[in-house]
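Visitor: Please put the model up, and then we can go through it residue by residue.

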Amino acid sequence: MFEEFQLLLDQDQTGWNFKADGWPQIRDAVEHSFRASWELMGSTPRCAYTAFQVFGYDFMIDAAYKVWLIEVNAAPCVTERLRPRFAEQLIRLAIDPVFPHTCHPLLAAEDTTEQQDDLDPAPDFELVYRLTD
């Protein structure tokens, strides 16, 4: 993830490593936004159901390589070329653990090995914040 961006940084000889220097700034901003807004989102940690929501975060990097949070989207747009991978990973990471294929006889009978092998084992999603009791 972000390999092309790092190549551009390296070509410009910035000495800045996105994964080592930029990604931690992004993780911190996302975690802080969840901590700051958790009560306002109307969720409680002891819900009788399991739910998830995808948020889109927009960031900018300034000339000093500081990462700035621009906005958070509750209904992010996913570019068409990324939609299939996005949907597959979202299902695998957010839905399958709650509703495993073994719960449904028809899905359990299907051979999903080939479909799973097509997915990158390292998803583009990363857990940044987990609510704890």
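## Questions at the model

Visitor: What is the relative accessibility of Glu-31?

Guide: This is a predicted model, in which local features need pLDDT of at least 70 and side-chain atom pairs count only at pLDDT 80 or more, while totals for chains, interfaces and linings use all residues. Residues are numbered from 1 along each chain as its sequence is written, and side-chain values use heavy atoms, with hydrogens and water left out. Glu-31 counts as partly exposed, the class between buried (under 20% relative accessible area) and exposed (over 50%), taken with a 1.4 Å probe and protein chains only. The value for Glu-31 is 23%.

Visitor: Which residue does Glu-31 meet in a salt bridge?

Guide: A salt bridge is a side-chain nitrogen of Lys or Arg within 4 Å of a carboxyl oxygen of Asp or Glu, and the structure holds 1. Glu-31 and its partner are 4 residues apart in helix 2, so about one helical turn separates them. At 2.8 Å from N to O, the side chain that meets Glu-31 is that of Arg-35.

Visitor: In what order do the elements of the protein chain run?

Guide: Helices (H or I, at least four residues) and strands (E, at least two) are DSSP runs, numbered from the N terminus. The protein chain has 5 helices and 2 strands. From the N terminus on, the order is α-α-β-β-α-α-α.

Visitor: What share of the residues in the protein chain is buried, out of 133?

Guide: For the chain as a whole, the accessible surface is about 10,500 Å² (Shrake-Rupley method, 1.4 Å probe; for residues, only the protein chains shown count as cover). Carbon and sulfur atoms hold 56% of that surface. Among the 133 residues, the buried share is 14%.

Visitor: Which residues does Tyr-129 contact, leaving aside neighbours within four places in sequence?

Guide: Tyr-129 lies in the segment after helix 5 (113-117) and is partly exposed, with a relative accessible area of 22%. Its C-alpha atom is 8.8 Å from that of Arg-27, although the two are 102 residues apart along the chain. With contact meaning heavy atoms within 4.5 Å, Tyr-129 is in contact with Glu-31, Phe-34 and Arg-35.

Visitor: Why does the pair of Phe-34 and Tyr-57 count as tilted?

Guide: Rings of Phe, Tyr and Trp (its six-membered ring) pair if their centres lie within 6.5 Å; planes under 30 degrees apart count as stacked, over 60 as edge-to-face and the rest as tilted. A search of the whole structure finds 9 such pairs. The centres of Phe-34 and Tyr-57 are 6.4 Å apart, and the pair is tilted because the angle between the planes is 35 degrees.

Visitor: How many residues apart in sequence are the parts that Phe-34 and Tyr-57 tie together?

Guide: Phe-34 is buried, with a relative accessible area of 17%, and Tyr-57 is buried at 19%. Phe-34 belongs to helix 2 (residues 18-37) and Tyr-57 to strand 1 (residues 56-61). The separation in sequence is 23 residues.

Visitor: Which residues does Leu-69 touch, not counting those up to four places away in sequence?

Guide: Leu-69 is found in strand 2 and counts as partly exposed at 35% relative accessibility. The C-alpha atoms of Leu-69 and Ile-26 are 7.8 Å apart, with their positions 43 residues apart along the chain. The residues that Leu-69 touches are Tyr-57, Asp-58 and Phe-59.

Visitor: What is the phi of Tyr-65?

Guide: Most residues other than glycine have a negative phi. Tyr-65 sits in the loop between strand 1 and strand 2 (67-73), and it forms one aromatic cluster with Phe-2, Phe-5, Trp-16, Phe-18 and Trp-23. Although Tyr-65 is not a glycine, its phi is positive, at about 65 degrees.

Visitor: And what is the phi of Gln-13?

Guide: Gln-13 is placed in the loop between helix 1 (3-11) and helix 2. It counts as exposed, at 72% relative accessibility. Its phi is also a positive value in a residue other than glycine, near 55 degrees.
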